[in-house]
Amino acid sequence: MPTIYDLVTSSDVVAYWTQKNENQQPLLGETLFPNRRQLGTKLEWVKGANNQPVALRLSSYDAKAIRRDRQGIEKYDTEMPFFKESMYIDEQMRQNLNNMIAANNTQVINQILINIYNDEVSLIDASEIALERMRMEALTTGTITLSSNGQSYTYDYGVPAGHKKTVTTAWSTASADIIGDINDYVEAMKAEGVNITRAICNSSVAKSFKTNTALKNAIYVLAGGTVNVTTARAIDYIYAETGVMFYVYDNVYVNEAGTAVKYVPDDTVVLLPDGDLGYTNLGTTPEESDLMNNLNADVSIAGDGIAVTTSQIVDPVNVETKVSMVALPSFEMADKVVIVDVTP
């Protein structure tokens with residue numbers, strides 16, 4: 001007869017989470033900072049400058065080549081933060097499971113297990129939220145600040161001060177020159193060798209597009225005055241005039257204080273080029289490093305590096321499920337984004 005220890009294992013929890021999420025679209029931050037496995041807990045990456053190519057210098061024949069410096073190359077070296085939380089099976093649920101095991105009621109056992117797994121995979125989901133929070137905070141502010149459980153970390157990705165802009169007239173103002181502002185930023189980055197093609201904002205910013213006087217008038221003229229100006233039409237018009245496609249991202253997470261927070265703040269627009277901006281690096285947790293072959297613990301890996309550990313508790317009889325990760329985004333393209341405050 002199986003016991004609670006046989007039915008609630010890390011591999012079962014991970015398999016359930018994987019199946020539950022197999023058709024789910026990745027979060028926006030994961031598409032910009034793809035996951036990458038990293039050995040250990042130390043993270044190193046190189047951030048390159050956006051200097052325009054410099055012409056090759058002349059030389060005489062038979063002379064030794066002049067060494068060229070790697071202009072503007074910066075190396076970042078830091079320790080990745082460690083995240084860890086655990087969960088026990090609810091006492092009543094555990095008792096119900098034991099009773100059904102004794103009665104050999106497979107159908108009810110499976111339903112109770114689904115409820116248990118739903119509780120426990122919430123920790124894996126919380127890990128994914130923590131990753132998205134870091135990615136989007138780095139993208140929208142150029143820094144990451146983490147503080148909870150007596151731990152505090154700050155990471156500055158070195159977004160150039162000149163790439164942090166503030167508009168002259170708030171975009172929520174009907175008379176704002178949104179097209180002009182965007183084109184100014186695009187041209188400035190083009191002079192640095194960067195081709196801006198995308199922008200990210202939330203719907204609080206995007207809804208100002210359809211109320212902007214210049215945008216409305218232009219769309220009316222193009223449509224012969226017979227069109228309803230929507231946010232989608234305004235975004236299409238902005239793309240036609242600037243070459244920048246706006247993506248509206250309204251996802252939220254709940255912080256340590258229990259407050260819902262938008263990944264992209266209401267006053268922020270980020271302009272960026274094509275391609276990956278960096279990586280979401282997932283290192284080696286102590287559980288993965290030390291407990292893989294431990295008889296008292298069962299460790300499985302969810303996704304690209306989230307460790308799920310189940311441990312047997314004898315008194316009272318229970319199973320502890322612990323989820324941990326060592327993770328931090330790198331931001332190799334930090335020099336190639338523009339962060340705009342559109343509400344001065």
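This report looks at two pockets and one buried strand in a predicted model.

**The two pockets**

How do you find empty space in a protein? Rolling a probe the size of a water molecule over the atoms shows where empty space is left. Here are the two pockets side by side.

| Pocket | Volume | Nonpolar lining residues | Polar lining residues | Charged lining residues |
|---|---|---|---|---|
| Largest pocket | about 710 Å³ | 13 residues | seven residues | four residues |
| Second largest pocket | about 430 Å³ | eight residues | five residues | five residues |

Let's start with the largest pocket. Its lining is made up of 24 residues, and the ones nearest the centre are Phe83, Glu85, Ala130, Ser148 and Glu256. Several elements give two or more residues to this lining: the helix α5 (106-141), plus the strands β4 (82-88), β5 (143-148), β6 (151-156), β10 (252-254) and β16 (318-330). Which of them gives the largest share? That's α5, with six residues in the lining of the largest pocket.

Now for the second largest pocket. It has 18 lining residues, and if you look for the ones closest to its centre, you'll find Trp17, Asn21, Gln24, Glu30 and Glu128. Two elements give two or more residues here, namely α2 (10-20) and α5. You've met α5 already: it also gives the most to this second lining, with four residues.

**A strand tucked inside**

Next, find strand β12, which covers residues 268-273. Are its residues buried or exposed? Six of the six are buried, so β12 is largely enclosed by the rest of the structure. "Buried" here means that under 20% of the relative accessible area is left.

Which way do the side chains go? In a regular strand the side chains alternate between the two faces of the sheet. You can follow that along β12: Thr268, Val270 and Leu272 point one way, while Val269, Leu271 and Pro273 point the other way. Whichever way they point, all of these residues are buried.

β12 has strand partners, too. One is β8 (residues 196-201), which runs antiparallel to β12 and is joined to it by four bridges. To spot this pairing in the structure, look for Arg198, which stands opposite Leu272 of β12. Another partner is β17 (residues 338-341), and this pairing with β12 is also antiparallel, over four bridges. Here you can look for Leu271, whose bridge partner in β17 is Val338.

Methods. Residues numbered from 1 in each chain as written. Predicted model: local features only at pLDDT ≥ 70, side-chain atom pairs only at ≥ 80, totals over all residues. Heavy atoms only, no water. 1 Å grid on protein atoms, 1.4 Å probe; cavity = no way out; pocket = protein on both sides within 12 Å on 5 of 7 lines; lining within 4 Å. Points joined across faces, edges and corners; volume = space filled by probe spheres on them. Nonpolar A, V, L, I, M, F, W, Y, C, P; charged D, E, K, R; others polar. Buried < 20%, exposed > 50% of the residue type's maximum accessible area, 1.4 Å probe, protein only. Pairing = 2+ DSSP bridges.
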